[in-house]
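Grab a pencil and work through these exercises with the structure open beside you. Try each task yourself before you read its solution.

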Amino acid sequence: MKVTKIEALEKIANDIRINIIKTVYNAGSGHPGGSLSCADILTVLYFNQMNINPQDPKAEGRDRFVLSKGHCSPALYSTLARRGYFREEDLKGFRKINSNLQGHPDMNKVPGVDMTTGSLGQGLSAANGMAISSKMDSMGYRVYCLLGDGEIQEGQVWEAAMTSSKYKLDNLCVIVDNNNLQIDGDIKSVKGLNKIEQKFESFGFNVISIDGNNIEQLIDGFDRAKMTKGRPTAIIAKTVKGKGVSFMENNVVWHGMAPKEEEYKLAINELESNGK
Amino acid sequence: MKLDKKIATRQSYGEMLKDLGKENDNIIVLDADLSTATKTEIFAKEYPNRFFDMGISEQDMMSTAAGFATTGKIPYASTFAVFAAGRAYDQIRNSICYPNLNVKICATHAGVTVGEDGATHQMLEDIAMMRVLPNLKVFSPSDDVETRFIIKEISKINGPCYVRLARLATPVIYDKNEKFEIGKAKQIGKGEDATIFATGVCVAEALKAKELLEKRGIFVRVVDIHTIKPIDKETIIKCAKETKKIITIEDHSIYGGLGGAVCEVLSEEYPVKVMRLGVKDTFGKSGKSTELMKYFKIDAEAILELF
């Protein structure tokens with residue numbers, strides 16, 4: 001049976017989810033919920049959209065990715081390893097003293113990490129700097145920046161949004177991982193932003209709303225972003241926190257907790273049974 | 001030494017940026033709606049396509065500069081010291097210093113010599129806050145010639161730098177052909193009665209005190225510490241050994257600034273008594289710069305009172 005492009009990407013996203021669970025379990029800490037929610041977004045970017053070469057991770061003309069929600073490093077590391085930037089074996093070192101895989105991404109330690117992040121709200125500003133630079137030097141590369149929907153409570157995100165718009169950064173694509181949960185609970189009850197789409201629209205973005213756990217919709221969204229001229233794009237990706245592991249889905253306790261052995265086995269069984 | 005010609009180090013900064021812009025296409029400048037005051041407007045007029053006015057959003061400016069630096073640009077980011085080191089501290093720490101990115105933070109309007117704007121705009125803690133950040137080099141030039149040297153020299157350093165500049169026009173101390181070295185303090189005079197370690201706008205005050213003391217038969221040396229980090233340990237220890245009295249003076253809190261840095265070196269390497277002149281654990285206030293220097297005891301007169 002011929003495997004379609006979509007099915008192949010779904011399989012990769014599932015592999016990445018398995019590695020997210022393994023990585024967090026081995027570390028005994030980390031952030032599985034938000035990592036699982038953005039696994040499909042990262043899969044489509046790194047395996048379908050971005051102009052990159054794992055053998056030349058610092059190539060000047062490469063597309064850039066900024067994980068502004070840096071705590072979802074297990075998703076980024078699992079994606080980079082799956083794409084061939086480093087050995088999947090290295091994921092076992094995550095958060096450990098002799099490893100390069102820090103709790104939050106460090107651009108000087110990990111090949112493929114384009115920006116050091118961790119303190120929320122700063123990634124979009126850095127992405128803007130890269131995108132303006134691309135335009136100044138007619139390099140033609142695109143810049144992607146993934147924000148958390150809790151993260152956009154940080155005021156700097158909106159300072160940066162004004163900058164993206166001022167410089168008409170049509171080579172910039174923001175993705176909001178809209179899983180509706182943050183550490184203290186439901187985003188609406190903590191401090192809701194209301195109408196994320198309208199916020200970005202009023203800041204001058206081309207806004208695209210999609211199911212962020214749907215590979216086909218993600219490809220379509222990124223393709224539409226590429227065709228947009230004269231303004232930046234914000235993809236509001238509706239996702240499920242903990243996606244793929246039923247007992248983690250929409251359950252905020254999995255924001256920043258590693259599974260215990262029993263939970264780990266359950267999660268891996270569930271993910272490995274996918275597609276069989 | 002004549003001290004009659006005056007120029008503010010922010011002015012020297014703006015003019016030097018323009019020269020640098022001509023030499024190096026990678027140099028870009030960011031400001032946060034203060035380009036007329038920080039003097040980056042001088043660069044902006046010459047190179048509008050390499051100047052980015054980020055509006056009143058200092059945090060965004062610092063992280064954007066970091067993003068630029070990842071692509072090989074050499075961003076100089078400017079605003080008042082209180083907004084650079086204070087408001088955008090986390091951005092400087094996490095987006096610039098931790099990744100060791102090549103951003104030059106040039107902060108003007110440091111200290112009480114800002115004058116009439118008062119306490120909210122008089123940054124007295126920046127040396128302390130910047131000095132503790134790994135990877136960051138910290139500079140506090142004293143006059144026009146030294147500022148031009150530092151602004152140019154930091155463009156050749158691959159890593160983050162913080163330069164503390166002043167609003168107040170202060171005397172030109174050095175001849176335009178004077179030679180400087182990053183990390184190497186400038187010793188002026190060889191007097192053995194005291195060493196006055198000074199930085200920024202206070203160096204000229206120390207030199208005034210030096211002349212007045214000579215008339216009283218007291219011979220001091222002034223050491224201009226333009227590089228706060230890495231600090232010139234060798235000169236500090238040598239002077240402590242050679243002179244009877246050690247004084248520090250700065251337009252900054254007595255905590256954590258030049259005085260603190262000198263004490264750290266001497267307490268470990270050559271313990272001696274150190275007299276620190278600086279703003280004593282209080283906020284600034286409105287007034288004329290010269291009145292404030294007198295009020296907070298960071299002028300030549302305050303030095304004379306120690307003899």
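**Exercise 1.** Find the bridge partner of Y76(B) in strand 5 of chain B, then work out how strand 4 of chain B is placed among its neighbours.

*Solution.*
- Start with the pair itself: Y76(B) has K104(B) as its bridge partner in strand 5 of chain B. Keep in mind that this is a predicted model.
- Next, look at the whole pairing. Strand 4 of chain B and strand 5 (residues 104–108) of chain B run parallel, and five bridges join them.
- Now check for another partner. Strand 2 (residues 27–31) of chain B also runs parallel to strand 4 of chain B, again with five bridges. One spot to click on is L30(B), whose bridge partner in strand 4 is A77(B).
- Finally, ask how covered strand 4 (residues 74–80) of chain B is: seven of its seven residues are buried.

A handy reminder: strands of a sheet pair through backbone hydrogen bonds, either parallel or antiparallel.

**Exercise 2.** In the open sheet of five strands in chain B, which strands stand at the edges, and what packs on the sheet?

*Solution.*
- Write down the strand order: 9-11-10-13-14 in chain B, with mixed pairing.
- Read off the ends. Strand 9 (186–188) and strand 14 (275–279) of chain B each have a single partner strand, so one side of each has no neighbour in the sheet.
- Add the twist, which averages 20 degrees from one strand to the next.
- Zoom in on one pairing: strand 10 (residues 194–198) and strand 13 (residues 246–253) of chain B run parallel and share four bridges. There, A198(B) sits opposite I249(B) of strand 13.
- Now for the packing. Helix 9 (residues 202–215) of chain B lies on the sheet and touches strands 9, 10, 11 and 13 of chain B. The direction of helix 9 makes about 170 degrees with that of strand 11 (220–224) of chain B.

**Exercise 3.** Describe the largest nonpolar core and say why it lies between two domains of chain B.

*Solution.*
- Count first: the core has 130 residues, and Y46(A), F65(A), I175(A), F200(A) and F222(A) have the most contacts inside it.
- Its largest share, seven residues, comes from helix 1 (residues 5–27) of chain A.
- Then go to chain B. Domain 1 (6–171) and domain 2 (186–304) of chain B both give residues to this core, so it lies between them.
- For a close-up, pick I175(A). Leaving out residues up to four places away in sequence, I175(A) touches several residues, including I41(A), Y144(A), F222(A) and I235(A).
- Don't stop there: another core, of 61 residues, lies apart from this one, and V29(B), A198(B), C202(B) and A204(B) are among its members.

**Exercise 4.** Sort R164(B) and S189(A): buried or exposed?

*Solution.*
- Place them. R164(B) is in strand 7 (residues 161–164) of chain B, while S189(A) is in helix 7 (residues 187–191) of chain A.
- Apply the cut-off for R164(B). Buried means under 20% relative accessible area, and R164(B) has 7% relative accessibility, so R164(B) counts as buried.
- Do likewise for S189(A). Exposed means over 50%, and S189(A) has 58%, so S189(A) is exposed.
- Look for polar partners. A polar side-chain atom of R164(B) lies 2.9 Å from the backbone oxygen of D251(B). The side chain of S189(A) reaches the backbone oxygen of D186(A) at 2.8 Å.
- To finish, compare sequence with space: S189(A) and G70(A) are 119 residues apart along the chain, and 23 Å separates their C-alpha atoms.

Methods
Residues numbered from 1 in each chain as written. Chains lettered and ligands numbered in written order. Predicted model: local features only at pLDDT ≥ 70, side-chain atom pairs only at ≥ 80, totals over all residues. Heavy atoms only, no water. Buried < 20%, exposed > 50% of the residue type's maximum accessible area, 1.4 Å probe, protein only. Helix = DSSP H or I, 4+ residues; strand = E, 2+ residues; numbered from the N terminus. Pairing = 2+ DSSP bridges. Axes fitted to C-alpha atoms, helices over the stretch in contact; angles between N-to-C directions. Contact = heavy atoms within 4.5 Å. Core = buried A, V, L, I, M, F, W, Y, C linked by side-chain atoms within 4.5 Å. Domains from an automatic or database assignment. Polar contact = N/O pair within 3.5 Å; in protein donor to acceptor, adjacent residues only side chain to side chain.
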